[in-house]
Amino acid sequence: MKISLDQFDKAFENRIRLQIMSVLVANEYYDFNSLKELLEVTDGNLASHLKALEKEEYITVNKTFVGRKPNTQYTASEKGRTAFEKHLKALENLIRQQKQ
Amino acid sequence: MIEKDIYSEISSIRDLMERSTKFISLSGLSGILAGVYALIGAFISFKIVYQNNPDPLLYRDHYVNETLILTKLFVVAMTVLVLSLTTGIWLTIRKAKKKNQNFWNTGSRNLLINMAIPLLTGGLFILILLFRGSYEAIAPACLIFYGLALVAGSHYTFTDVKWLGICEILLGLLTALLPGYGLIFWTIGFGLLHILYGTIMHFKYDR
């Protein structure tokens, strides 16, 4: 069976990165602590994956303060949304191919 | 990649999208209890309003406007409201804990903010009606604003809440058409509809 893996986005190979993207695509924005709680990952782990997505310009970061506490909000960029949709399409195609 | 992996990947994406936007720990049981409180409250109110009138189904051509009766009704309504909210919050926190979810998350925050706007507007509006003595508009206003709050909040929780909201709005409009039957519609809207809704939710999601 031949599967076209080239359509898969390298940035989404990691499960957590794909999960972060799913949350950001479904929401206007999401903050760091809520993401951490939802995905049940450690601070460092989440931060490194967020950095990777930011490097790809799939997400944008907005740092604000609530009182004196830093509050970092993440938003999916247009580029990120397109890439996410493409990745989902590729997953769908893969299932369709295997059903044949 | 095996097919099973892709399926689990896709279902985990769908699950995350839903859990990140919606608050799905609302307890069905709290709906049933709120309905029961409302029924008890309505029963007491019937007693208060119709103490001199033996037939409650008889159409009233006057509005209740004695201060003592109004105060009693106000106390009953507030008690029902506070009891329902306390039970609702308590049972919802319990359900969230059981499902290992945080009670205070983006979903519940959005749900509360979106419901609070129509609810507070309605609450203030009803207080203004009380002060101005426009008593006949109070029962429909309660139902309509509560229905609007449910519809507004429904985007952040189960979609079923929207249908409950629409039913409350329609009932509120009907109440406005038939002002003498305010208490009966109020009983249907806050009592029976809540019990019906709570039962559906309980069997659909809580088990």
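**Two chains and their interface: a group meeting presentation**

Read along its sequence, chain B follows the pattern α-α-α-α-α-α-α. In total, chain B has 7 helices and 0 strands, where helices (H or I, at least four residues) and strands (E, at least two) are DSSP runs numbered from the N terminus. Before I continue, please note that this is a predicted model, in which local features need pLDDT of at least 70 and side-chain atom pairs count only at pLDDT 80 or more, while totals for chains, interfaces and linings use all residues. Residues are numbered from 1 along each chain as its sequence is written, chains are lettered from A and ligands numbered from 1 in the order in which they are written, and side-chain values use heavy atoms, with hydrogens and water left out.

Let me now set chain A beside chain B. Chain A has 4 helices and 3 strands, and along the sequence they run α-β-α-α-β-β-α. The C-alpha trace of chain A spans about 55 × 25 × 20 Å along its principal axes. For chain B, the C-alpha atoms fill a box of roughly 75 × 30 × 25 Å, again taken along the principal axes.

I turn to the interface. How many residues does each chain bring to the contact? Chain A gives 22 residues and chain B gives 18 residues, with contact meaning heavy atoms within 4.5 Å. Between them the two chains bury about 1,800 Å², and 61% of this lies on carbon and sulfur atoms. Buried area here is the accessible area (1.4 Å probe) that two parts lose on being put together, summed over both. R15(A), L38(A) and I95(A) supply 26% of the area that chain A buries against chain B, more than any other three residues.

Across this interface there are 4 residue pairs in polar contact, both residues being at pLDDT 80 or more. A polar contact is a pair of N or O atoms within 3.5 Å; within protein, one must be able to donate a hydrogen and the other to accept it, and residues adjacent in sequence count only if both atoms are side-chain atoms. On the side of chain A that touches chain B, at least two residues each come from helix 1 (15-26), strand 1 (30-31), helix 2 (32-39) and helix 4 (78-99). That side divides into 13 nonpolar, 5 polar and 4 charged residues. In this count, Ala, Val, Leu, Ile, Met, Phe, Trp, Tyr, Cys and Pro are nonpolar, Asp, Glu, Lys and Arg are charged, and the others, Gly among them, are polar.

Next come the salt bridges. The whole structure holds 7 over all chains, a salt bridge being a side-chain nitrogen of Lys or Arg within 4 Å of a carboxyl oxygen of Asp or Glu. Between chain A and chain B the count is 2. Which residue of chain B does R15(A) meet? The partner of R15(A) is E9(B), with the closest N and O atoms 2.8 Å apart. This pair links helix 1 of chain A to helix 1 (residues 3-21) of chain B.
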